[in-house]
Amino acid sequence: MRKTKKKKRRIPHPASILQKEEGLCYLCGKLNHIFLPAEHLEMHHVFGGPNRLISEMNGFKVKLCPEHHRTGKEAVHRKMENMRMIQKDTQRAYEREHTRQQFVELIGRNYLEDDNEKP
């Protein structure tokens, strides 16, 4: 008896729900108001760890220059304030078409509770 191979299920890879412009660093624009094309950009999944796949499938990702992603003082992997800012921006963008409850069910927490923001 032969074992049948199961096809690997493909996941969707939609575009970022935050970024519409190609080739720009999200934080260069947001923090420094620099809207020039970057030579090299890295994809940052807004909600990492166990939520990385959810981030990929829902467009919870932004393109960042290496300085804002990993290496600089303002990098999201070094400065929690910038990480939280992107997480809050993502939640706001998601809630334009969904409810807060749907976001919490998807990610597991509300990032806007400290701001007392309403959906």
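**Exercise 1. State how many aromatic pairs the rule yields in this predicted model, and classify the pair Phe47 and Tyr111.**

Solution. The count comes to 7 aromatic pairs. For Phe47 and Tyr111, the ring centres lie 5.2 Å apart and the planes stand at 40 degrees, so this pair is tilted. The cut-offs explain the label: planes under 30 degrees apart would count as stacked, and over 60 as edge-to-face.

**Exercise 2. Determine which parts of the chain the pair Phe47 and Tyr111 links.**

Solution. Begin with Phe47, which lies in the loop between strand E1 (42–45) and helix H2 (52–58). Next, place Tyr111 in the segment after helix H5 (100–107). The two residues are 64 residues apart, and the pair links distant parts of the chain.

**Exercise 3. Classify the aromatic pair of Phe103 and Tyr111, and decide whether each residue is buried or exposed.**

Solution. First, consider the geometry: the centres are 6.5 Å apart, with 75 degrees between the planes, and the pair is edge-to-face. Secondly, compare accessibility with the cut-off, since buried means under 20% relative accessible area. Phe103 has 0% and is therefore buried. Tyr111 has 9% and therefore also counts as buried.

**Exercise 4. Describe the further surroundings of Tyr111.**

Solution. Tyr111 belongs to one aromatic cluster with Phe47, Phe60, Tyr94 and Phe103. In addition, Arg109 lies over the face of Tyr111, at 4.3 Å from the ring centre.

**Exercise 5. Summarise the architecture of the chain.**

Solution. The chain contains 5 helices and 2 strands. Along the sequence, these follow the pattern α-β-α-β-α-α-α. Of the 119 residues in the chain, 39% are buried.

Key:
Residues are numbered from 1 along each chain as its sequence is written. This is a predicted model: local features need pLDDT of at least 70, side-chain atom pairs count only at pLDDT 80 or more; totals for chains, interfaces and linings use all residues. Side-chain values use heavy atoms; hydrogens and water are left out. Rings of Phe, Tyr and Trp (its six-membered ring) pair if their centres lie within 6.5 Å; planes under 30 degrees apart count as stacked, over 60 as edge-to-face and the rest as tilted. Helices (H or I, at least four residues) and strands (E, at least two) are DSSP runs, numbered from the N terminus. Buried means under 20% relative accessible area, exposed over 50%, partly exposed in between (1.4 Å probe, protein chains only). A charge sits over a ring if NZ of Lys or CZ of Arg is within 6 Å of the ring centre and within 35 degrees of the ring normal.
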